[in-house]
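Here are my notes on this one, set down as numbered points. Have a look at the model first, then read along.

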Amino acid sequence: MKSAILGTGAFAPERVVTNADLERMVDTSDSWILERTGIRERRVVAPGQACSDLALEAAQRALKASGVHPAALDVILVATCTGDFPLPATACLVQHRLGAIRAAACDISAACCGFLYALSIGDAYIKSGMRHVLVIGSEVMSVITDWTDRNTCVLFGDGAGAVVLGGSQDESGILSTHLHANGGISDLIYVPGGGSRDPASEDVLSDKRCYIKMRGNETFKIAVKTMEEATHEALKANGMSAQDMDLFIPHQANVRILRAVSQRLGISEEKVMINLDRFGNTSAASIPLALDQAVQEGKLKQGHKVVMAAFGAGLTWASAVVQW
Ligand code: UT7
């Protein structure tokens with residue numbers, strides 16, 4: 001039994017932080033951010049708004065689109081690195097608020113690849129006999145962002161996206177998923193403090209070790225290489241050429257990364273989903289946010305083949321092919 005995406009949903013908080021707003025916070029400019037990243041604005045949560053709040057909204061929309069009742073869910077997976085609490089899992093909070101009384105729930109931590117990792121797990125659950133799995137990517141990156149560090153604060157944003165998986169009745173569905181990791185370069189993007197290695201303390205806070213540190217330039221090069229590799233792997237596994245792709249949904253990190261990957265693959269820009277100008281890098285939420293936008297804009301027709309590819313902290317990289 002193949003699994004299919006029965007419905008998608010997304011949600012982004014209302015508050016918009018523009019590049020002009022950032023010009024007032026750090027030594028940067030709208031033109032630098034736009035040229036070097038492609039980002040114009042990002043969404044940021046209101047005080048008190050947390051990961052499960054965004055996840056819940058996206059999940060409700062995906063459930064509505066799929067026609068699946070919350071009580072029919074077997075499992076809820078939330079891909080996130082910015083959950084409401086260190087414990088319990090954010091997925092449990094969503095499970096309760098949805099009224100998904102039968103569902104098991106846990107979080108998946110694979111940074112920007114989290115959604116594709118969770119999608120792959122959900123796919124395996126459906127193939128092993130479960131009927132409905134809710135896969136969410138939800139992030140509040142603004143709380144692990146150092147808003148005084150111009151190297152990182154211009155990049156990230158908050159948001160959530162979700163899909164409901166169920167058994168496929170026809171040719172449509174998830175054709176394959178491909179997951180990779182290399183913990184040997186885990187210090188490329190990381191949050192050094194606040195975990196069990198360097199527990200939360202006044203020192204962690206004052207030294208800003210609870211915020212993302214990143215070697216941007218090195219990450220950039222590896223991102224291009226790994227996303228290209230993961231996409232080729234996905235195409236090869238399905239006997240496809242890059243031209244057979246109807247839509248490419250890459251992790252929205254930097255428009256220059258997306259252009260470089262698309263050029264290397266030889267696909268035209270019209271086939272590439274780009275929305276980071278409005279949302280920035282929303283980590284695990286970026287692919288489901290873009291997927292839902294593609295659905296809302298009517299970009300996906302029956303039989304279309306969508307390739308998704310991501311890279312992120314870990315380092316992790318991943319891809320998936322879905323027939324619509
Ligand atoms: O989901 C995975 C997360 N990570 C990523 O996707 C990050 C991938 N990397 C990138 O997107 C890019 O490397 C960045 C956008 C982070 C940086 O762009 P870059 O072209 O690689 O710039 P750079 O780091 O080589 O820095 C070039 C210059 C530096 O100044 P000097 O040393 O040449 O005087 C930086 O200090 O740009 C400076 N700079 C800035 N200037 C204005 C760095 N950030 C800013 C800024 N505004 N916000």
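1. Let's start with a backbone oddity: Lys208 sits in the loop between helix H7 (202-206) and strand S10 (213-214). Its phi is positive, about 60 degrees, although Lys208 is not a glycine. For the labels, helices (H or I, at least four residues) and strands (E, at least two) are DSSP runs, numbered from the N terminus.

2. Some ground rules before going on. You're looking at a predicted model, where local features need pLDDT of at least 70 and side-chain atom pairs count only at pLDDT 80 or more, while totals for chains, interfaces and linings use all residues. Residues are numbered from 1 along each chain as its sequence is written, and side-chain values use heavy atoms, with hydrogens and water left out.

3. Two cis peptides are worth a click. One joins Leu87 and Pro88, with omega about 5 degrees; Pro88 belongs to the loop between S4 and helix H4 (90-98). The other links Gly314 to Leu315, at an omega of about -10 degrees, and Leu315 is found in the loop between strand S12 (305-312) and S13.

4. Now the ligand. It has 23 residues around it, and the closest are Thr28, Arg36, Asn217, Asn254 and Asn281. A residue makes that shell if one of its heavy atoms lies within 4 Å of the molecule. By type, the shell splits into ten nonpolar, nine polar and four charged residues; here Ala, Val, Leu, Ile, Met, Phe, Trp, Tyr, Cys and Pro count as nonpolar, Asp, Glu, Lys and Arg as charged, and the others, Gly among them, as polar.

5. Where does the shell come from? Helix H2 (30-37), helix H6 (150-153), helix H8 (216-237) and helix H9 (255-265) each supply at least two of its residues, and H8 gives the most, with four. Domain 1 (2-170) and domain 2 (175-323) both contribute to the shell, so the ligand lies between them. Those domain bounds come from an automatic or database domain assignment.

6. For polar contacts to the ligand (pairs of N or O atoms within 3.5 Å), three are worth checking. A polar side-chain atom of Asn217 is 2.8 Å from a ligand oxygen. The side chain of His251 places an N or O atom 3.0 Å from an oxygen atom of the ligand. From Gly216, a backbone N or O atom lies 3.0 Å from a ligand nitrogen. Taken alone, the ligand exposes 950 Å², and the protein buries 73% of that (Shrake-Rupley areas with a 1.4 Å probe).

7. On to the sheets, where two strands pair if DSSP finds at least two bridges between them. One open sheet has five strands in the order S1-S7-S6-S4-S5, with mixed pairing. Strand S1 (3-11) and strand S5 (104-108) are at the edges with a single partner strand each, so one side of each has no neighbour in the sheet. Neighbouring strands here are turned by 20 degrees against each other on average, direction ignored; axes are lines fitted to C-alpha atoms. Within this sheet, strand S4 (residues 75-79) runs parallel to strand S6 (residues 132-140) over five bridges, and Val75 stands opposite Val133 in S6.

8. The other open sheet has four strands, ordered S8-S13-S12-S11, again with mixed pairing. Its edges are strand S8 (173-181) and strand S11 (247-250), each with a single partner strand, so one side of each is left without a neighbour in the sheet. The average turn between neighbouring strands is 10 degrees, direction ignored. S8 and strand S13 (residues 316-323) run antiparallel, joined by eight bridges, and Thr177 has Ala320 as its bridge partner in S13.

Definitions and conventions:
Polar contact = N/O pair within 3.5 Å; in protein donor to acceptor, adjacent residues only side chain to side chain. Axes fitted to C-alpha atoms, helices over the stretch in contact; angles between N-to-C directions.
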